[in-house]
Structures are given as C-alpha cells and as structure tokens.
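Got the viewer open? Let's take a walk through the empty spaces and a few spots around them, one selection at a time.

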Amino acid sequence: MVNLSGAISLIGGFPALAGVDLTVDDGEIVVLRGPNGAGKSTLLRLCAGLAPLNGGSGTILGHDLASRERRRRIRRETGLLAHQTFLYDELTVEDNLRFWAKANRADPSTVEPILDRLDLGGRLRTVKISALSAGQRRRASVAVMVCRRPKIWLLDEPHAGLDQAGRDFIDEIVRHAVRFGATVIIASHDHGRVSNLATRTVHLVGGMVTGAEDGQGEGRSVS
Amino acid sequence: MTSTSSKATYVVGWAAIVGLALSLLFALVLSPPEVNMGDSVRLLYVHLPTIAVSYLGYGITFLGSVIYLRNQSPFWDLLAGAAAEIGVLFTAFVLVTGAIWGKPTWGTYWEWDPRLTATTVMFIMYLGYLAIRRMDLPQEVRSRRAAVVGIIAIANLIIVRYSVQWWRGLHQGQTLGVDTQLDGLMLFSLFLSVVAFLLLGAWLLIHRFRVAWLERQVEDMRLARALSERRGEAGGAALGGVVS
Amino acid sequence: MFRDAWLMASKDLRIERATRVGTGQILPFGGLVLILFGLAISPVYQVTVAVGVRRPMLAQAAPGLFWITVLLAALLALGRSFAVESTDGNLDALKMAGLDPAGIFLGKSAAVAAQLLALQLVLGIGAFILYGPPLADPVLLLTVVILATLGITAAGTVYAAVASGLRVRDTMVPLLVLPVVAPVLLAATKATEAALFGPLDNGWSWAMLLGVFALLYAGVGMLAFGPIMEES
C-alpha cells in the first residue's frame with residue numbers, strides 16, 4: 001500500500017520530511033505519533049500525492065511518487081482529512097456533498113444514504129458550512145471522503161477539537177473503513193484513544209521515523 | 001564556481017568597454033549630423049542598440065522558459081530570469097533615452113507614439129514577470145509559473161505592439177521624428193554601437209546568471225545543513241528515548 | 001473537460017447566489033466608479049469631434065470610461081473567484097478529485113464571464129444615463145461586450161491562477177492582468193466608439209481583434225492551467 005524509503009519532502013525550502021522509511025500493508029491502521037513539527041501532516045500529504053517527493057523513493061498503491069503522471073492516480077485513490085475542511089464555506093452541506101461527489105465521479109445516488117448515515121440529512125442539510133460547529137464540519141468532510149471511497153484513508157488529527165460523541169464517531173468511521181477494505185493512517189496526539197484502534201504505532205521526530213511498536217487494534221493484517 | 005568572473009567574461013567585459021568607447025567616438029565626433037534631424041540623430045546610436053539588447057533579453061527569457069518547461073533544468077530557469085532582468089534594465093534605459101530624444105524631435109518628453117506606448121506597457125508586463133520570480137512559493141512551483149508567464153509574455157508583446165500601432169495608425173501615419181537618411185559612416189557608427197551594447201548585455205547577463213546560480217548553490221547548501229539538523233533532531237530523540 | 005467546466009461554473013455561480021458578492025459589492029463599486037469619472041471629468045466640458053460637431057467630453061469619453069470600470073470590476077471578480085478556492089484548501093481537494101485542469105479553467109472563466117456580463121448590463125445602462133452618448137449600432141455594441149468580456153476573463157483567469165496561493169495575491173493580480181488586457185481595453189474602446197458614434201467600418205475590425213484575443217487566451221489557459229496548478 002505505502003512504501004517509502006528515505007523519503008524527503010521540502011515545504012518552503014524546509015525539509016519537513018528528512019528521510020522517512022515506512023511500509024504500510026493492506027488493511028492496517030497505522031497511528032503516527034510525534035511532537036508538533038515532526039512532519040506528520042507532511043507525511044500524510046506526501047501519501048496523498050500532494051506534498052512533493054524531493055529525495056528518496058516511494059510508491060503509494062503501487063504508483064511511483066516520483067512521476068507526476070502517477071501522482072495524479074494516487075490523488076484519486078487516496079483520501080485526506082486535513083485541518084482544512086476541503087469544503088466551500090458558503091455552500092450548504094448538501095450542495096457541497098453533491099459538488100464533490102460529481103467532481104470525484106462518485107455515484108450520485110450514494111449522496112442521500114451518506115448524508116443520512118452521518119447525521120447530516122435532517123436540519124443540517126441546508127445549513128452553510130460556515131455556520132456549522134467544528135464537529136459538524138468534520139462530519140461533512142468525512143462524508144465527502146466516504147463517497148470518494150479511497151483505498152487509503154489519511155486522517156490528520158481527526159479527533160482534534162471534537163467532543164466525546166464526535167471522537168466516538170471518528171473511531172467508528174475508521175473501523176468501518178477498514179472493514180470495507182481500506183487502509184488507514186492516522187496522525188494523532190490523542191494517546192489513549194487511537195491506541196485501541198492501531199495495529200501499529202509509528203513515532204516520527206524531526207522528519208524521520210524513530211521507532212514503531214505493534215498494537216492490538218482491529219486492522220485486518222499484521223505487519 | 002566561486003566567482004562570477006572568468007577569462008571569458010574578462011574578455012567580453014573589456015571588449016564591451018573598448019566597443020563603447022569607440023562608438024562614443026564615432027557617434028559623437030566622427031559621424032556627421034543628419035540632414036533633417038541635425039545632431040539629435042546621435043541619440044539613435046544609444047537608443048536602437050538598447051532596444052535590441054532588451055528584445056534579445058526577452059527572447060532568451062522565452063527560450064529559457066520553453067526549455068525549462070520541457071526538462072525542468074535549473075540552468076534554463078535561472079537564465080530566463082537573468083535575461084528578463086537585463087531586458088527590463090535596458091527597457092528602462094530605452095524609456096529614459098526615448099524621453100530625452102523626444103524633447104528635441106517632438107518637443108515633449110512623452111508622445112502617444114505607438115512604440116513608446118507599447119514599450120511602456122511591455123516594461124510593466126516584465127516587471128510583473130520579475131515579481132512572479134520573487135513570489136513566496138516553493139521553488140519549482142515558482143519556476144514553473146514564471147516559465148508559463150515568460151512564454152505568454154512574447155505573445156502579449158506582439159499583441160500589445162500591433163494593437164497600439166493600429167490604434168495610432170488609424171489616425172495618423174506612423175512617424176518617428178522626421179524621415180531619416182543615414183549615410184555610410186552613420187550606419188557604421190550604428191553597427192558599432194549595436195555590437196558594443198550587445199557585448200555589454202552579454203557581460204551583464206553572464207554575471208547576473210552566475211550570481212543566480214551561486215545563490216541557488218547556497219540555497220542547496222543551506223538545505224543540506226537544514227536536512228542534517230533535522231536528522232539530528234530525530235537522532236537526539238531516538239537516543240533520549242521516544243515518548244509514548 | 002466540458003463536464004468539469006460545467007460543474008465548476010455552476011458551483012461558482014451557486015456560491016455567488018448564496019453570497020451575493022457580485023451584486024452586493026462589485027456592482028455598487030462599478031456604479032461608484034462611473035459616478036467618480038463623472039466628477040473627474042466635468043459634464044460641462046465640450047470637445048469638437050469634427051468640423052462644427054461638438055459633444056460633451058463625458059459622452060465622447062464614455063466608451064473608455066466604461067471599459068476601465070469593467071476592468072476594475074473584473075479584477076475584483078477574479079480575486080473573488082480564486083479566494084473561494086484557496087480559503088479551505090479546496091485547490092488541493094480539486095486536485096485530489098482529479099478534475100481536468102482545462103475544465104477548471106473553462107469553468108472558472110465562464111462563471112466570471114457570466115457575472116461580468118450581468119454586471120455590464122446594469123453598468124451599461126448606468127453609463128448611458130450618466131454620460132448620455134448616442135447609440136448608432138446596438139448589434140456591434142453587444143458583440144463587443146461579449147467578445148471583450150471573454151477576452152478579459154480568459155486572460156484574467158490565467159494570471160489570477162498564477163498568483164493563487166500567495167499572500168500578496170490581491171496586489172499581484174492587477175499588476176499581472178492590466179498590462180496584458182491593455183489591448184482589450186484599446187480594441188473594446190475603439191469598437192464601442194464606433195458602435196456609439198459611427199461610422200462603423202473600423203468597429204468590426206476592432207471587434208475581430210477582440211475575438212482573436214479571447215480565442216488565443218482560451219487556448220493558452222487550457223494548455224497552461226495544468227502546469228500552473230501543479231504544486232510540485
């Protein structure tokens with residue numbers, strides 16, 4: 001699924017990733033842990049085909065990160081839940097979901113069930129994104145991701161700023177994704193919570209992997 | 001490469017100085033005044049070569065941009081940037097000498113002459129190109145966007161040039177002062193000054209390019225250091241034990 | 001490509017319908033500029049346009065003033081069009097969706113063009129009322145308005161994209177766009193002069209120049225949007 005070797009990624013001339021070696025297998029739930037500025041977000045963006053690969057080598061889903069052509073494929077087949085919502089603030093939840101479903105060439109008939117399943121179907125449907133709470137926004141972003149059906153889910157601090165119910169919801173989504181065959185990589189500060197999910201925890205410091213340990217999470221395969 | 005000069009630039013530089021001195025002699029002393037324009041024709045020996053160098057600069061920018069988009073080589077990117085700077089510098093010089101020339105020939109510093117108008121617009125357009133080269137973006141992104149603009153700029157240049165000419169041309173015949181008649185010695189002076197200015201332009205271009213190249217190397221070295229510092233962070237953490 | 005273009009354009013127009021930035025801010029701004037021009041050029045000034053024919057200077061200058069107003073409004077609309085994409089990382093999301101860059105270009109310029117055309121309908125009526133020029137040929141005028149708008153939006157979208165993702169975007173876009181659309185201003189002004197005052201023979205050739213410009217930049221945008229949008 002993910003295969004990085006000595007991966008270097010520069011953000012504004014700064015080596016956010018300074019040589020990452022990481023292999024993630026099909027169906028794993030990998031948790032990235034490390035202090036602020038360790039390069040967790042950049043690593044996820046690299047896996048999504050957004051951050052550049054400036055050194056080393058890597059493949060995502062078998063596509064070479066060094067090739068611009070292949071990177072377009074990677075972008076289509078991975079899903080990123082980032083700090084930004086990836087939604088249009090001024091449009092309603094439903095308009096956003098319909099637009100992104102079409103943009104991603106997803107089946108339009110899946111929009112309704114997804115709205116319902118993520119509790120966005122009722123009153124929230126016609127509310128603008130800018131008027132939603134942090135948790136509701138995150139749910140709307142997840143809804144887009146669900147309808148894209150990515151093979152790899154890249155979640156950047158998915159629990160941040162959410163209440164208990166919101167966090168439970170994220171956990172449930174992650175389990176759900178894995179059950180349907182996805183691989184998940186989560187960057188998180190939240191120590192206790194994600195450990196329950198993880199099949200493996202990878203430590204990132206100074207843009208490099210400094211250690212890893214296996215977990216007892218619910219992923220499908222062992223590393 | 002640690003210096004921007006070399007034997008070649010030394011030769012080019014001296015040739016430019018000698019050439020400029022000679023063309024000064026020919027332009028101001030040896031060549032005769034023109035029948036219609038009188039002594040003010042002598043500005044032509046500065047004006048025309050300057051335009052030639054700036055157009056050549058923009059041409060190199062175009063070429064460098066095309067090649068850069070094809071092979072992503074920093075050489076052509078930096079060359080395109082350096083050439084645009086030389087082009088802008090000489091265009092500024094053209095506008096100033098044009099205004100000085102305008103006073104005796106037209107009686108004003110500014111005339112809505114098609115060439116003058118188009119050159120001014122073009123000048124601002126390339127200032128925009130240089131602004132793109134200074135944008136706060138990752139280097140490859142900046143270079144790619146600059147290359148795209150460096151290519152389109154040539155098309156803009158042509159459109160601006162002809163539309164402005166058409167704009168004035170519909171009202172009056174295009175006039176650049178009075179009819180000029182250049183005799184042999186005047187043509188030779190012109191030729192000489194064109195060569196001298198081209199040498200000057202080449203000399204400036206080589207040096208400007210090398211400065212940019214050295215800057216890029218410094219950037220790479222800084223990056224290498226940042227990379228090892230970054231790895232040091234990771235190493236320190238590994239030694240100190242990972243927080244869990 | 002056209003599917004993506006349609007998707008982007010309808011999305012941008014839906015955002016406009018929801019926020020009314022165009023009708024609520026850009027349109028009043030344009031109207032204000034028209035009035036300010038009237039204050040700058042006193043309505044009592046007269047110019048002699050031909051032997052024995054005098055006209056208020058404001059009416060004579062109306063075409064140029066109108067097109068400058070449109071250009072200023074276009075800068076705002078272009079800035080808005082890209083601000084919408086960059087606030088919540090949506091350019092990244094568009095890339096992840098794998099939309100055709102040429103389609104994004106066509107869609108975004110079509111949406112800006114549609115807004116500008118609607119704007120010009122109101123501003124045009126305003127200009128006729130405020131400056132009081134005659135109207136010799138409405139068909140030529142309409143042609144000029146459409147072709148000039150397409151040219152301005154196509155070129156403007158290319159350069160707005162070049163400046164996207166920058167903190168200095170708001171100041172970069174005018175510097176990049178205005179010199180490039182100077183020929184459009186020129187051609188549109190001359191063609192509009194012909195459409196208002198006649199004789200019309202030159203007007204159509206200027207309109208043709210506008211058409212060529214629009215086509216050229218439509219082609220440039222479709223080719224260049226990929227390299228411009230690619231982040232690394």
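A cavity here is a set of grid points where a 1.4 Å probe fits but cannot get out, and a lining residue is one with an atom within 4 Å of such a point. Keep in mind that this is a predicted model.

**Stop 1: the largest cavity**

Searching the whole structure turns up six cavities of 30 Å³ or more. Start with the largest, at about 150 Å³. Select A:Leu80, A:Phe86, A:Val144, A:Arg148 and C:Ala93: of the 16 lining residues, these lie nearest the centre. Now colour by element. Strand E6 (78–81) and helix H5 (134–148) of chain A, plus helix H4 (90–97) of chain C, each put at least two residues into the wall. H5(A) has the largest share, with four residues. What is the make-up of this lining by class? Ten of the residues are nonpolar, five are polar and one is charged.

**Stop 2: the second largest cavity**

Next, go to chain C and select Asp12, Ile15, Glu16, Thr19, Ala77, Arg80, Ser81, Val84, Val112 and Gln115 of that chain, which line the second largest cavity. The space inside is about 100 Å³. Helix H1 (2–19), H3 and H5 of chain C each supply at least two of the lining residues. By class, this lining splits into four nonpolar, three polar and three charged residues.

**Stop 3: along H5 of chain C**

Stay with one of those helices and select residues 101–131 of chain C, helix H5. From first C-alpha to last, its 31 residues reach 42 Å, close to the 45 Å expected at 1.5 Å a residue. Zoom in on the N-terminal end, where C:Asp100 acts as a cap: one of its side-chain oxygens sits 3.1 Å from the backbone nitrogen of C:Ala102. Then jump to the other side of the helix run: just after H5(C), C:Gly132 has a positive phi of about 60°.

**Stop 4: the second largest pocket**

Time for an open space. The second largest pocket holds about 690 Å³. Pick B:Trp167, C:Ile68, C:Leu185, C:Leu186 and C:Thr189, which are the closest to its centre among the 27 lining residues. Two or more residues each come from helix H4 (114–133) and helix H5 (139–169) of chain B, and from helix H3 (57–86) and helix H7 (169–197) of chain C. Which helix gives the most to this lining? That would be H3(C), with nine residues. The class count for the pocket is 18 nonpolar, six polar and three charged.

**Stop 5: B:Arg168**

Now select B:Arg168, which is part of helix H5 of chain B. Leaving out residues up to four places away in sequence, B:Arg168 touches B:Trp112 and B:Pro114. Try a C-alpha to C-alpha distance to B:Thr119 too: the two are 14 Å apart in space and 49 residues apart in sequence.

**Stop 6: B:Ser193**

Last selection: B:Ser193, in helix H6 (residues 184–240) of chain B. Is B:Ser193 buried or exposed? Its relative accessible area is 1%, so B:Ser193 counts as buried, the cut-off being under 20%. Show its neighbours and you'll find contacts with B:Ser23, B:Tyr45 and B:Pro49, again not counting residues up to four places away in sequence.

Conventions: Residues numbered from 1 in each chain as written. Chains lettered and ligands numbered in written order. Predicted model: local features only at pLDDT ≥ 70, side-chain atom pairs only at ≥ 80, totals over all residues. Heavy atoms only, no water. 1 Å grid on protein atoms, 1.4 Å probe; cavity = no way out; pocket = protein on both sides within 12 Å on 5 of 7 lines; lining within 4 Å. Points joined across faces, edges and corners; volume = space filled by probe spheres on them. Nonpolar A, V, L, I, M, F, W, Y, C, P; charged D, E, K, R; others polar. Expected span 1.5 Å × (residues − 1). Polar contact = N/O pair within 3.5 Å; in protein donor to acceptor, adjacent residues only side chain to side chain. Buried < 20%, exposed > 50% of the residue type's maximum accessible area, 1.4 Å probe, protein only. Contact = heavy atoms within 4.5 Å.
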